[in-house]
Amino acid sequence: MNTIGGPEVLVPTDFPLPVPAIGEALVKVSAAGVNPIDAKTRAGRGAAGLIREYPAILGVDFCGTIVRPAFDTHPFQPGDAVYGMVSVPRLSGSYAEYLTVPVVAIARAPRTVTEAQAAAVPCAALTAWGCIVTVGQVERGQRVLVHAAAGGVGHFTVQLAKRAGAHVVATASERNVDWLRELGADEVIDYRTTRFEEETGDLDLVVDLVGNVHDDTGTRSLRAMRPGGLLINVPTGSWPEFRADAAAAGMRATDIKALSDTASLTAIAELIDAGELVVHVDREFPLDEAADAHRLLEEGHTRGKIVLRVAD
């Protein structure tokens, strides 16, 4: 992108081949995931304050092949298919033919899905992993509510919560009700027609992927939680007072950010290859149509993820 602004600032631009630093690999990108943080940064929010100069390259998710390893005998060698996340804007992003990435932030790509599907995984699945496994520590029999359950993070969260043995309640639009049940949701509430806090309760964990930017979804979630329950608010800036509001209601609350590491990515890839975690790509765009991909993302009705095809 050549400046902050609307999707129209995403234009094809020539950059020199990036040079990896110590501990980094050079990767030829096959596909790149499109995430809300990309759109926020492009618009001047998100990580925009860290961009040192323009033009800049967006994108955190990728799947690709190693071109230059971190060192001669590193386990990731030229030609190996890998996936992961790159730290943008500290490093150039994944909306590019090549990128450099720390090898501690990548893993071997899942073998049983396409490159586009693999590129859709890292940021969303790692966020879901944090919510359910690392921070939420969900146990069998607990009750978990997932807002925006049909989106990128949401559809992974539903599956991981169900795999942990939870009773999973999901909010989504009517068109996604049957699909979310197929993914494992025990209850699916149409947020457009039903007040979820009147239909469910005694929740141990709320994975809040909305906040208060729509119909005070975050605040209303507190009414459906058991005393001492945990609320995890994910979208940056979506509910600035969530910690204080939760504490006043007798709940615990935290935010969370996706952290890319080889061990977690490997565990997620193993679940995908075992058929225990489904990856859904709503739409693929060629790289030079990144602006259209952002327009679709910002409409807010994506099922699963949007992906950019970088190489055929």
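Strands are DSSP runs of E with at least two residues, helices are DSSP runs of H or I with at least four, and both are numbered from the N terminus. The exercises below use these names for a model that is predicted.

**Exercise 1.** Work out how many helices and strands the chain has, and explain why its radius of gyration agrees or disagrees with that of a compact globule.

*Solution.* Begin with the secondary structure, which comes to 10 helices and 13 strands. Next, take the length of the chain, 312 residues, for which a compact globule would have a radius of gyration near 20 Å. The chain itself has 19 Å, and therefore its value agrees with that of the globule. Finally, for the extent in space, the C-alpha trace spans about 55 × 40 × 35 Å along its principal axes.

**Exercise 2.** Find where in the chain Pro89 and Pro55 lie, and state whether the peptide bond from Tyr54 to Pro55 is cis or trans.

*Solution.* Take Pro89 to begin with: this residue is found in the loop between strand S3 (81–85) and S4, and a cis peptide bond with an omega of about 5° joins Val88 to Pro89. Turning to Pro55, its place is in the loop between helix H1 (36–42) and strand S2 (61–68), and the bond that leads to Pro55 from Tyr54 is cis, with omega near 0°.

**Exercise 3.** Describe how helices H3 and H9 pack, and decide whether they are roughly parallel or roughly perpendicular.

*Solution.* Two packed helices are described by the angle between their axes and by the distance between those axes. For H3 (residues 122–135) and H9 (residues 262–273), the angle is about 100° and the axes are 11 Å apart. Angles of 65 to 115 degrees count as roughly perpendicular, so H3 is roughly perpendicular to H9. The contact is made by Pro122, Ala125, Leu126 and Trp129 on the side of H3, and by Ser264, Leu265, Ala267, Ile268 and Leu271 on the side of H9. By type, these residues divide into 8 nonpolar, 1 polar and no charged.

**Exercise 4.** Characterise the second largest pocket by its space and by the residues of its lining.

*Solution.* The space in this pocket is about 920 Å³. The second largest pocket is lined by 33 residues, of which Phe15, Ala56, Ile57, Tyr95 and Ala96 are the closest to its centre. Strand S4 (98–102) and helix H10 (290–299) each supply at least two residues of the lining. As a last step, sorting the lining residues by type gives 23 nonpolar, 4 polar and 6 charged.

Key
Residues numbered from 1 in each chain as written. Predicted model: local features only at pLDDT ≥ 70, side-chain atom pairs only at ≥ 80, totals over all residues. Heavy atoms only, no water. Axes fitted to C-alpha atoms, helices over the stretch in contact; angles between N-to-C directions. Parallel < 35°, antiparallel > 145°, perpendicular 65-115°, else oblique. Contact = heavy atoms within 4.5 Å. Nonpolar A, V, L, I, M, F, W, Y, C, P; charged D, E, K, R; others polar. 1 Å grid on protein atoms, 1.4 Å probe; cavity = no way out; pocket = protein on both sides within 12 Å on 5 of 7 lines; lining within 4 Å. Points joined across faces, edges and corners; volume = space filled by probe spheres on them. Rg over C-alpha atoms; globule rule 2.2 N^0.38 Å.
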